[in-house]
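Reader: I work mostly at the bench and would like to learn how to read a model of this kind. Could you take me through it one feature at a time?

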Amino acid sequence: MPINLISDTVTRPTPAMLEAMMQAEVGDDVFRECPTINKLEAKAAAMFGKEAALYCPSGTMTNQIAINVHTERLDELICETYSHVYQYETGGYGFNSGIAVNLVHGQHGKMTAAQIEEVIRPDQDWLPRSRLVVLENTCNKGGGSYYTLDEIKPISQLCKEKGLRLHLDGARLFNALVETGESTQDHGELFDSISICLSKGLGAPVGSLLIGDKKLLKQARRVRKVMGGGMRQAGYLAAAGIYALDNHIDRLKEDNAHAKSLGAVLSKSSFAENVRPVKSNILIFDVKAPYTADSFLEVLKGKGILAVPFGPQTVRFVTHLDVSAEMVEQVIGVLKAL
Ligand SMILES: *Cc1c(COP(=O)(O)O)cnc(C)c1O
C-alpha cells in the first residue's frame with residue numbers, strides 16, 4: 001500500500017467506526033425519522049451552541065446551501081482568493097444562487113476586517129449588493145493556515161455593523177481548534193452558519209454538517225432537497241460521523257505534528273523552497289528546477305508516496321488518520337535521500 005498524502009479525504013473507516021455503522025438504528029431522513037441522523041444533527045448543533053444542524057452528502061453542498069440561504073440574486077459574497085467556495089466548487093455561487101463574488105487578496109488565504117471593509121460596496125443600482133462573507137478555517141490553499149478567535153471577532157463585528165451575514169467553511173476547523181485550544185461554542189457565537197466536514201481529518205467515509213439557527217436551517221433543509229441531497233437511511237453514514245466526533249478530534253494533533261515534521265525536513269532540503277508555514281495538517285511547498293511538481297511527484301510515486309501538484313512547481317502533502325508515525329518516518333527517510 002502506498003503512503004497516501006493526496007488528501008485527508010482518502011481515509012477508510014476504522015474497524016471500530018465500521019462497527020458503529022453496522023449497529024446504527026435508521027429510518028427515512030426525508031421524513032426526519034432517522035434517529036441516528038437526528039442524533040448527529042443535535043450533537044453538532046449543541047457543540048457549537050446553535051439551535052440546529054443539517055446532515056449533507058458533502059462539504060460543497062453545505063457551503064452551497066449556506067450561500068443560497070444567506071443571499072438573493074444580484075447579491076455578492078466576499079471571500080479570499082484562495083477560498084474553496086471560489087476555487088473548488090465549480091463556480092456554484094453563480095450556478096446555484098445567481099450571485100457574484102468579490103475577492104480579497106489576503107495572506108495565506110486569510111483576510112482582515114480592514115480588508116473586508118475596503119471591498120464592501122456602496123448601495124448603487126449598478127453594483128452587486130455585498131451580502132455575505134465566507135471565511136475558511138483552516139484554509140486549504142493557504143497551506144492549512146488558521147484564524148484565531150481574536151482575528152475573527154473584528155470580522156464578525158464588522159459584519160454585524162454592515163448587515164452582512166458571516167459563514168464559516170470549517171471543513172477542517174478541528175485541525176485549528178486542537179492547535180489553539182479554543183472552543184466550538186466560542187466560534188459558534190461569531191458566525192451565522194458553520195459548515196464542518198466529517199469526511200476529512202475526522203475520518204468518516206461521507207458527510208458534512210451545516211449548523212445555524214432554526215429559521216435558517218428550515219430553509220436550508222428545503223434547499224438541500226432541491227439540490228437532490230435528501231437522503232433516506234443515511235443513518236448508517238451518520239453513525240460514522242457520530243463516532244468521528246466522539247473519537248477522532250483529539251488525535252488531529254498527531255496529523256498536525258506529522259505535517260510539521262515533514263515541513264521541517266523540507267525546509268532544510270536542497271530541492272524544496274518557499275515551504276509555507278505549517279500550521280496544521282497541510283504542507284505546501286515549491287520544488288526547485290530541474291524538478292517540476294509532476295516530475296517530483298513521479299519520483300515520490302516510485303518510492304511508494306502519493307501526493308498532488310498544486311501548481312507547476314508546487315506540491316501539497318496532507319497528513320491524516322491513515323498516515324501513521326512510521327509512515328511519516330519513511331517519508332522523511334525518502335526526502336532526506338533525494
Ligand atoms: C474539502 C473541502 C470542502 C468540501 O469538500 P467536499 O469534497 O465537497 O466534501 C469545503 N471546503 C474546504 C476548505 C475543503 O477543504
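**Strands, ligand and backbone**

Author: Let us begin with a strand pair, bearing in mind that this is a predicted model: β9 and strand β10 (residues 282–287) run antiparallel and are joined by two bridges. Within this pair, Ala272 stands opposite Val287 of β10.

Reader: In what order do the four strands of the open sheet lie?

Author: Strands of a sheet pair through backbone hydrogen bonds, and the pairing may be parallel or antiparallel. Here the order is β9-β10-β13-β12, with antiparallel pairing. Because β9 (272–273) and β12 (308–309) stand at the edges and each has a single partner strand, one side of each is left without a neighbour in the sheet.

Reader: Which helix packs on the sheet?

Author: That is helix α13 (residues 293–302), which touches β10, β12 and β13 (314–318), and whose direction makes about 40° with that of β13.

Reader: Turning to the ligand, which of the 13 residues around it come nearest?

Author: A useful way to read a binding site is to go from the list of neighbours to the individual atom pairs. The residues that come nearest are Gly59, Thr60, Asp169, Arg172 and Lys200. A polar side-chain atom of Asp169 is 2.6 Å from a nitrogen atom of the ligand, while a polar side-chain atom of Lys200 is 2.9 Å from an oxygen atom of the ligand. For Gly59 the partner is a polar backbone atom, 2.8 Å from an oxygen atom of the ligand. On its own the ligand has 380 Å² of accessible area, of which the protein covers 84%.

Reader: How do the residues of the shell around the ligand divide into nonpolar, polar and charged, and which helix gives the most to the shell?

Author: The shell holds two nonpolar, six polar and five charged residues, and helix α3 (residues 59–70) gives the most, with three residues.

Reader: Where is the peptide bond cis, and which residue has a positive phi although it is not a glycine?

Author: As a general guide, most peptide bonds are trans, and most residues other than glycine have a negative phi. In this model the bond from Asn137 to Thr138 is cis, with omega near -5°, and Thr138 is found in the loop between β5 (129–136) and α7 (149–162). The bond from Ala289 to Pro290 is also cis, with omega near 10°, and Pro290 lies in the loop between β10 and α13. The residue with the positive phi, of about 55°, is Thr90, which lies in the loop between α4 (84–87) and α5 (92–97).

Notes. Residues are numbered from 1 along each chain as its sequence is written. This is a predicted model: local features need pLDDT of at least 70, side-chain atom pairs count only at pLDDT 80 or more; totals for chains, interfaces and linings use all residues. Side-chain values use heavy atoms; hydrogens and water are left out. A residue is near a molecule or strand if one of its heavy atoms lies within 4 Å of it. A polar contact is a pair of N or O atoms within 3.5 Å; within protein, one must be able to donate a hydrogen and the other to accept it, and residues adjacent in sequence count only if both atoms are side-chain atoms. Accessible areas come from the Shrake-Rupley method with a 1.4 Å probe; for residues, only the protein chains shown count as cover. Ala, Val, Leu, Ile, Met, Phe, Trp, Tyr, Cys and Pro count as nonpolar, Asp, Glu, Lys and Arg as charged, and the others, Gly among them, as polar. Two strands pair if DSSP finds at least two bridges between them. Contact means heavy atoms within 4.5 Å. Axes are lines fitted to C-alpha atoms, for helices over the stretch in contact, and angles run from 0 to 180 degrees between N-to-C directions.
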